[in-house]
Amino acid sequence: MIRGGCRCGAVRYAVDRSALPAAYACHCTDCQTWSGSAFSTQFFVPEADLRVDGVVVEYAFVNPMGRVSTQRFCPTCHTRLYNGNAARPGIVNIRAGTLDDSARIDVPLHIWVRSKQPWVILPVDAEVWEEAAPLASLARLAARTSI
């Protein structure tokens, strides 16, 4: 079981998986603003595998690709925990930084690097896309797990 939660502990989650999925880093300006950092890291899981304990607040908006993205976060500390996207029904993106064991996450894919901060150095073996990754890249990511 993979576990995580918000900063204050009011919301906890568990994902019914034995290994951490590989993550991707998004360098778009929206993720930079949301995270307050140079990028955000997240990974895909089937929504049916996610169990959330505690109340989450939703915020939905239309992203630059024209799809509705629904963000879920803690109403107390405002930690953004996960989101869904109309382009991927039944799949959620969990923010890797909210994992109890986030130091073990593998990040082999970097997207929207055209907006990357110039001081961020990407791994030489990373798969890199100027904008959104094609579906084949996302499928490879979903099939990969972390140690």
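**Exercise 1. Determine how arginine 72 is placed, and describe its salt bridge.**

*Solution.* Arginine 72 has a relative accessible area of 12%. The cut-off for a buried residue is under 20%. Arginine 72 is therefore buried in this predicted model.

The next step is to identify the partner. Arginine 72 forms a salt bridge with glutamate 58, and the closest N and O atoms are 3.3 Å apart. This pair links distant parts of the chain, for arginine 72 lies in strand E7 (residues 68–73) and glutamate 58 in strand E6 (residues 57–62), 14 residues apart. Glutamate 58 has a relative accessible area of 52% and is exposed.

**Exercise 2. State how many salt bridges a search of the whole structure finds, and examine two further examples.**

*Solution.* The search finds six salt bridges. One of them joins the side chains of arginine 12 and aspartate 100, at 2.6 Å from N to O. Arginine 12 belongs to strand E2 (residues 12–15), while aspartate 100 sits in the loop between strand E9 (91–95) and E10, so the pair ties together parts that are 88 residues apart in sequence. Arginine 12 is partly exposed, its relative accessible area being 32%.

Another salt bridge connects aspartate 53 with arginine 51, with 3.8 Å between the closest N and O atoms. Aspartate 53 is partly exposed at 41% relative accessibility, and arginine 51 is likewise partly exposed at 42%.

**Exercise 3. Establish where the buried residues of helix H2 lie and what they pack against.**

*Solution.* Helix H2 covers residues 135–143, and Ser137, Leu138 and Leu141 are buried in it. Seen down the axis of H2, the buried residues fall within an arc of 100°, so they line one face of the helix. On the other side of H2, Leu135 and Ala143 are exposed.

The final step concerns the packing. The buried residues of H2 pack against four strands: E3 (24–26), E4 (40–46), E10 (109–111) and E11 (127–128).

**Exercise 4. Describe the largest nonpolar core and the second, separate core.**

*Solution.* The largest nonpolar core contains 18 residues. Those that touch the most other members are Tyr13, Val15, Phe43, Leu50, Ile94, Leu99 and Ile105. Two or more residues of this core come from each of the elements E2, E4, strand E8 (80–85) and E9.

The second core is separate and has twelve residues, including Ala22, Cys31, Ala133 and Leu141. Leu141 has already appeared among the buried residues of helix H2.

**Exercise 5. Give the order of the secondary-structure elements and assess the overall form of the chain.**

*Solution.* The chain has two helices and eleven strands. Read from the N terminus, the elements follow the order β-β-β-α-β-β-β-β-β-β-β-β-α.

For the overall form, the radius of gyration is considered. A compact globule of 147 residues would have a value near 15 Å, and the chain has 14 Å, which agrees. The C-alpha trace spans about 40 × 30 × 30 Å along its principal axes.

Burial and contacts complete the account. Of the 147 residues in the chain, 44% are buried. Among contacts between residues at least 6 apart in sequence, 55% join residues at least 24 apart. The chain exposes about 7,800 Å², of which carbon and sulfur atoms supply 54%.

How values were computed
Residues are numbered from 1 along each chain as its sequence is written. This is a predicted model: local features need pLDDT of at least 70, side-chain atom pairs count only at pLDDT 80 or more; totals for chains, interfaces and linings use all residues. Side-chain values use heavy atoms; hydrogens and water are left out. Buried means under 20% relative accessible area, exposed over 50%, partly exposed in between (1.4 Å probe, protein chains only). The arc is that of the directions from the helix axis to the C-beta atoms. Contact means heavy atoms within 4.5 Å. A salt bridge is a side-chain nitrogen of Lys or Arg within 4 Å of a carboxyl oxygen of Asp or Glu. A nonpolar core is a set of buried Ala, Val, Leu, Ile, Met, Phe, Trp, Tyr and Cys residues joined through side-chain atoms within 4.5 Å. The radius of gyration is taken over C-alpha atoms; the globule rule is 2.2 Å times the number of residues to the power 0.38. Accessible areas come from the Shrake-Rupley method with a 1.4 Å probe; for residues, only the protein chains shown count as cover.
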